[in-house]
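Subject: Handing over a structure, with notes on what was found

Dear colleague,

I am passing a structure on to you, since you have not worked with it before. Please look through it first, and then read the notes underneath.

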Amino acid sequence: MFDWVLTVIESWGYPGIFLLMLGENVFPPIPSEVIMPLTGYLCGTGALSLVPAVLAGTAGSVAGTSLWYLLGRRIGAAALKRWAARHGRLMTVSPGDIDAAQGWFDRHGGKAVLLGRMIPTIRTLISVPAGIARMSWGRFLMLTTLGSLAWTGLLTGAGYLLESQYDRVGNVLDPVSKLVVVVVVAVYLYRVATWRPH
């Protein structure tokens with residue numbers, strides 16, 4: 001997994017970073033905690049420039065989460081819960097998950113959108129209640145961009161600083177990234193198998 005992500009970024013450059021981060025936010029196949037530190041490493045080697053790399057990652061993250069915001073805004077809570085009750089198994093989303101995300105958003109509002117960008121799983125899910133609540137597009141975009149920029153910048157900066165330790169980091173990160181993917185797939189399959197509409 002480590003080598004594959006590295007190859008995609010090396011081959012595609014900034015568009016590859018954008019697409020990987022877009023995919024991570026639409027349906028998380030590879031966590032940003034793998035993508036952006038590897039991007040930072042490549043910046044450290046001089047293969048990429050740091051600022052455009054961070055901006056590409058941020059743009060991909062914002063684009064992915066915006067799709068969920070627009071879905072929540074267009075469909076609304078009632079229709080989304082009906083959809084989740086009928087078809088949520090594939091995405092392992094139940095009406096209760098939507099209610100929980102909505103409750104968290106109702107309690108924390110804009111702060112949930114800003115800080116939620118740095119919390120795995122919440123990162124994507126918090127966009128739905130923001131759309132359902134019809135948070136203004138400008139405010140959502142601003143908070144999402146700020147939160148995504150902070151998280152993406154932090155991860156990329158960590159990879160950049162570790163560039164000189166690439167061999168040691170690579171030897172640790174490669175099996176860890178494979179383990180993360182195996183765990184994500186296992187959790188996904190478990191949730192599909194045990195999914196209940198209510």
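The notes below go from the whole chain to single residues.

Please keep in mind throughout that this is a predicted model. The chain has 198 residues, and buried residues make up 42% of them. Its secondary structure comes to 11 helices and 0 strands, so that, read along the sequence, the pattern is α-α-α-α-α-α-α-α-α-α-α. Among the contacts in the chain with a separation of 6 or more, 75% are accounted for by residues 24 or more positions apart. The accessible surface of the chain comes to about 10000 Å², and carbon and sulfur atoms hold 69% of that area.

The aromatic residues are a good place to begin with the details. The count of aromatic pairs comes to 3. In one of them, the rings of Y69 and W137 have centres 5.3 Å apart and planes at 40°, and because stacked pairs need planes under 30 degrees apart and edge-to-face pairs over 60, this pair counts as tilted. Y69 lies in helix α4 (residues 50-75) and W137 in helix α10 (residues 137-161), so the pair ties together parts that are 68 residues apart in sequence. The two partners can also be described by their accessibility: Y69 counts as buried because its relative accessibility is 0%, whereas W137, with a relative accessible area of 38%, is partly exposed.

Y69 also pairs with F140, and here the ring centres are 4.2 Å apart and the planes stand at 20°, so the pair is stacked. Since Y69 belongs to helix α4 and F140 to helix α10, this pair ties together parts that are 71 residues apart in sequence. Both Y69 and F140 are buried. Taken as a group, Y69, W137 and F140 are linked into a cluster by ring pairs.

Helix α10 also holds S148 and T152, which may be read together. S148 counts as buried because its relative accessibility is 2%, and T152 counts as buried because its relative accessibility is 1%. The side chain of T152 reaches the backbone oxygen of S148 at 2.7 Å. Leaving aside neighbours within four places in sequence, T152 is in contact with M21, M36, V54, G57 and T58, while S148, with residues up to four places away in sequence not counted, touches T58, S61, V62 and R117.

R117, named among the contacts of S148, deserves a closer reading. R117 sits in the loop between α7 (110-116) and α8 (122-125), and a relative accessibility of 1% is the reason that R117 counts as buried. Not counting residues up to four places away in sequence, R117 touches T65, R123, T124, I126, S127, F140, T144, G147, S148 and W151. The C-alpha atoms of R117 and W151 are separated by 7.1 Å, although the two residues are 34 residues apart along the chain.

Another loop, the one between α9 (127-132) and α10, contains R134. Most residues other than glycine have a negative phi. R134 is not a glycine, yet R134 has a positive phi of about 60°, and you may wish to look at that position in the model for yourself.

Two residues of helix α2 remain to be mentioned. G16 lies in this helix and counts as buried because its relative accessibility is 2%. From C-alpha to C-alpha, G16 and V5 are 9.2 Å apart in space, with their positions 11 residues apart in sequence counted as a separation. V26 is likewise found in helix α2, which covers residues 14-26, but V26 counts as partly exposed because its relative accessibility is 30%. Together with F27 and L67, V26 forms a nonpolar patch on the surface, and the accessible area of these residues together is about 240 Å².

With best wishes,
A colleague

Methods:
Residues are numbered from 1 along each chain as its sequence is written. This is a predicted model: local features need pLDDT of at least 70, side-chain atom pairs count only at pLDDT 80 or more; totals for chains, interfaces and linings use all residues. Side-chain values use heavy atoms; hydrogens and water are left out. Patches are made of residues with over 30% relative accessible area and no salt bridge: like charges are joined within 9 Å, nonpolar side chains (Val, Leu, Ile, Met, Phe, Trp, Tyr) within 5 Å. Accessible areas come from the Shrake-Rupley method with a 1.4 Å probe; for residues, only the protein chains shown count as cover. A salt bridge is a side-chain nitrogen of Lys or Arg within 4 Å of a carboxyl oxygen of Asp or Glu. Helices (H or I, at least four residues) and strands (E, at least two) are DSSP runs, numbered from the N terminus. Buried means under 20% relative accessible area, exposed over 50%, partly exposed in between (1.4 Å probe, protein chains only). Rings of Phe, Tyr and Trp (its six-membered ring) pair if their centres lie within 6.5 Å; planes under 30 degrees apart count as stacked, over 60 as edge-to-face and the rest as tilted. Contact means heavy atoms within 4.5 Å. A polar contact is a pair of N or O atoms within 3.5 Å; within protein, one must be able to donate a hydrogen and the other to accept it, and residues adjacent in sequence count only if both atoms are side-chain atoms.
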